[in-house]
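Please work through the following exercises with the sequence and the model at hand. Each task is followed by a solution in steps.

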Amino acid sequence: MVTVEQLPQDELQQLLQVLPARVLDVLRQQENLDDLLEVVLDLGRAPEARFAFGDVLLNDEPIGREDLEYVVSRIGDFGADNRAGMERTLHRISAIRNRNGSVVGITCRVGRAVFGTIKMIEDLAYDGKNILLLGRPGVGKTTMLREVARTLADEARKRVIIVDTSNEIAGDGDIPHPAIGHARRMQVPTPTEQHGVMIEAVENHMPQVIIIDEMGTTQEAAAARTIAERGVQLVATAHGNTLDNLIMNPTLSDLIGGVQTVTLGDQEARFRGTQKTVLERKAPPTFDVVVEIQDRNEVAVHDDVAQVVDQWLRGYPVAPEVRRMNEDGNITRTAATRQNESAPPPWAASEIRNRRGKARRGREPDAYEQYPPERFQDEPDAAGAAGPRLDARIFLFGVSRDKLEAALAERGATAEIVSELRRSNVLLTTKNHYRRGSQLVRVAENNSVPVYVLRKNTVPQVSEFLTTLARDQGIELPPPMGRFGEEPNAETEAAARAEAEEAAQRVLSGEFSVQLEPQRPYIRRLQHMLAEQFNLASTSRGRDPQRGVLIYRP
């Protein structure tokens, strides 16, 4: 990472010249002056310099009012946000006032333009994705934002406009700092007017990219959504260190889709293994990517924000891509799984129920209790076993999802099942639903989405559909197999049902648990459902082909 000409010394000298002489003399004697971050002058306290390696006291004599007046007289006027700048520099001077409005403290922050920070996210910026940067104060959010603006304007040749609220991105004065390249800058009179200037930039100047620093209000979040819906690329920073902070922030959560409370039906809540009241994302996110800046050489990238937020809200761990830049400027990428600490995992309620049960019975847990007693909790793994993956996003209309999952498990294949027609590239329906001429079917056909029609909503029919779909993609699926390689048939299914019913009766009669014979995934799913009808718990144990259902008292 290299500084723009190592921040021309005349710029640094401009900042130093506004300091009182006794402070300046000590400061110039410091080594590594290029690492200076801030100079803090508080009334009645000793002056202090903050470096990357730590803080240094500059003088034992406390700051007086004449020292503060000396600084104020040599800089520009303070705005409504108590910030002032120095023309054509990136420095920022911030004031602390007492109740009467008099300045009692000053923070002089050194502004630096840095090349190279965009290397960690340049692929995202060039792809036209909306990017939201997060990170603690001073970690380099504005520096990276400035570099993104310059690169997109100069190298990508895009029309870039910076909405600069505190003149921190492009510096003070009417002429912007050279660090932003050919990007244009719109100044904002006060922070409360930032959202209006954001909309004005889109309506008046036809930008391809808009750069925004420090989004922090509901109005700015709404303006950002409006801009994104008009097809303009957004790159912005927001208050918050991590994605978790953003999701739980009621003001800014709309940037990543927003969060709403949803009440599920009994069947859906049992299927998910959650309480009836859950949190869900309420809208498509404004930003496609969230980048957590952990330090100047390391970021964590959350791509496909919609999917990440959904996973987070359901209690599953999220896996951001961690990118690090070494001294040679090379980027290394690793995946890091992060557990969601703010919401319980979907199986937590079952585990608590298990622990309570053990405490009541006052005994050591049986071997089966290491498995969470959730309905079908491990059957999706069977359906998603290592095997051919069909390039299909299937929307179901009149076809049961569990039958499709069972057919996939039997064929050892995987495919994505979507809940919205606009996300699908295949629609699967039945003859009855197709004959009704549903509006949904017509929409699919008008949008060139292939429609596959089954005679009946049965697993064998769905299995035939998978065979056809796979052959269209040049994939040969293995035939559906039953237990120990037998072909599935009605007699096998009836025998498995009878075995499960007999086991349920034995448990209701006093036995604690009964292990059933190994079966194929679809049959195991039926046995799980039958156990639930008797208000009993069940789980699958073992590895295929010796995997069978255990029915027991909850």
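The exercises below concern a predicted model and proceed from the whole chain to single residues.

**Exercise 1. The protein as a whole**

Task: Determine how many helices and strands the protein has, and what share of its residues counts as buried.

Solution.
Step 1. Secondary structure is counted as 18 helices and 26 strands.
Step 2. The protein has 554 residues, and 47% of them count as buried.
Step 3. The accessible surface amounts to about 27300 Å². Carbon and sulfur atoms account for 46% of that surface.
Step 4. For contacts between residues at least 6 apart in sequence, 60% join residues at least 24 apart.

**Exercise 2. The largest cavity**

Task: Establish which residues line the largest cavity and which elements give two or more residues to that lining.

Solution.
Step 1. The structure contains 3 cavities of 30 Å³ or more. The largest cavity holds about 60 Å³ of space.
Step 2. The lining of the largest cavity is made up of Thr117, Met120, Val139, Gly140, Thr143, Met144, Ile293, Asp295 and Arg296.
Step 3. Two or more lining residues come from helix H5 (141-154) and likewise from strand S16 (289-295).
Step 4. By residue class, the lining of the largest cavity comprises 4 nonpolar, 3 polar and 2 charged residues.

**Exercise 3. A lining residue in detail**

Task: Locate Gly140 and decide whether Gly140 is buried or exposed.

Solution.
Step 1. Gly140 sits in the loop between strand S9 (131-134) and H5, and belongs to the lining of the largest cavity.
Step 2. The relative accessible area of Gly140 is 14%. Because buried means under 20%, Gly140 is classed as buried.
Step 3. Outside its neighbours within four places in sequence, Gly140 makes contact with Ile293 and Arg296. Both of these residues are also listed in the cavity lining.
Step 4. Gly140 and Ile293 are 153 residues apart in sequence, yet their C-alpha atoms are 7.5 Å apart in space.

**Exercise 4. Two helices in contact**

Task: Describe how helix H13 and helix H18 cross, and name the residues that meet.

Solution.
Step 1. The axes of helix H13 (residues 401-411) and helix H18 (residues 521-533) come within 8 Å. Their crossing angle is roughly 140°.
Step 2. From H13, the residues taking part are Asp402, Glu405, Ala406, Ala409 and Glu410. From H18, they are Pro521, Tyr522, Arg525 and Met529.
Step 3. The contact of H13 with H18 consists of 5 nonpolar and 4 charged residues, with no polar ones.

**Exercise 5. Positive phi angles**

Task: For Asn82 and Glu214, state what phi is and where each residue lies.

Solution.
Step 1. Asn82 is not a glycine, but has a positive phi of about 60°. Asn82 is found in the loop between helix H3 (65-72) and strand S5 (83-85).
Step 2. Asn82 counts as partly exposed because its relative accessibility is 25%.
Step 3. Glu214, also not a glycine, has a positive phi of about 55°. Glu214 is part of strand S12 (residues 209-215).
Step 4. With 31% relative accessibility, Glu214 counts as partly exposed.
Step 5. The loop that holds Asn82 also holds Asp77. Asp77 counts as exposed, because its relative accessibility is 75%. Beyond its neighbours within four places in sequence, Asp77 is in contact with Arg83 and Ala84.

**Exercise 6. Two residues and Leu427**

Task: Find the C-alpha separation from Leu427 for Ala392 and for Glu445, and give the accessibility of Ala392 and Glu445.

Solution.
Step 1. Ala392 belongs to strand S20 (residues 389-397). Ala392 is buried, given a relative accessible area of 4%.
Step 2. Ala392 and Leu427 are 35 residues apart in sequence, with 9.7 Å between their C-alpha atoms.
Step 3. Apart from its neighbours within four places in sequence, Ala392 is in contact with Ala415, Glu416, Asn425, Val426, Leu469 and Gln473.
Step 4. Glu445 lies in helix H15 (residues 439-446) and counts as partly exposed at 40% relative accessibility.
Step 5. Glu445 and Leu427 are 18 residues apart along the chain, and their C-alpha atoms are separated by 9.3 Å.
Step 6. Neighbours within four places in sequence set aside, Glu445 is in contact with Tyr434 and Val451.

Key. Residues are numbered from 1 along each chain as its sequence is written. This is a predicted model: local features need pLDDT of at least 70, side-chain atom pairs count only at pLDDT 80 or more; totals for chains, interfaces and linings use all residues. Side-chain values use heavy atoms; hydrogens and water are left out. On a 1 Å grid over the protein atoms alone, a cavity is a set of points where a 1.4 Å probe fits but cannot get out, and a pocket is an open set with protein on both sides within 12 Å along at least five of seven lines; lining residues have an atom within 4 Å of a point. Grid points are joined across faces, edges and corners, and a volume is the space filled by probe spheres set on the points. Helices (H or I, at least four residues) and strands (E, at least two) are DSSP runs, numbered from the N terminus. Ala, Val, Leu, Ile, Met, Phe, Trp, Tyr, Cys and Pro count as nonpolar, Asp, Glu, Lys and Arg as charged, and the others, Gly among them, as polar. Axes are lines fitted to C-alpha atoms, for helices over the stretch in contact, and angles run from 0 to 180 degrees between N-to-C directions. Contact means heavy atoms within 4.5 Å. Buried means under 20% relative accessible area, exposed over 50%, partly exposed in between (1.4 Å probe, protein chains only). Accessible areas come from the Shrake-Rupley method with a 1.4 Å probe; for residues, only the protein chains shown count as cover.
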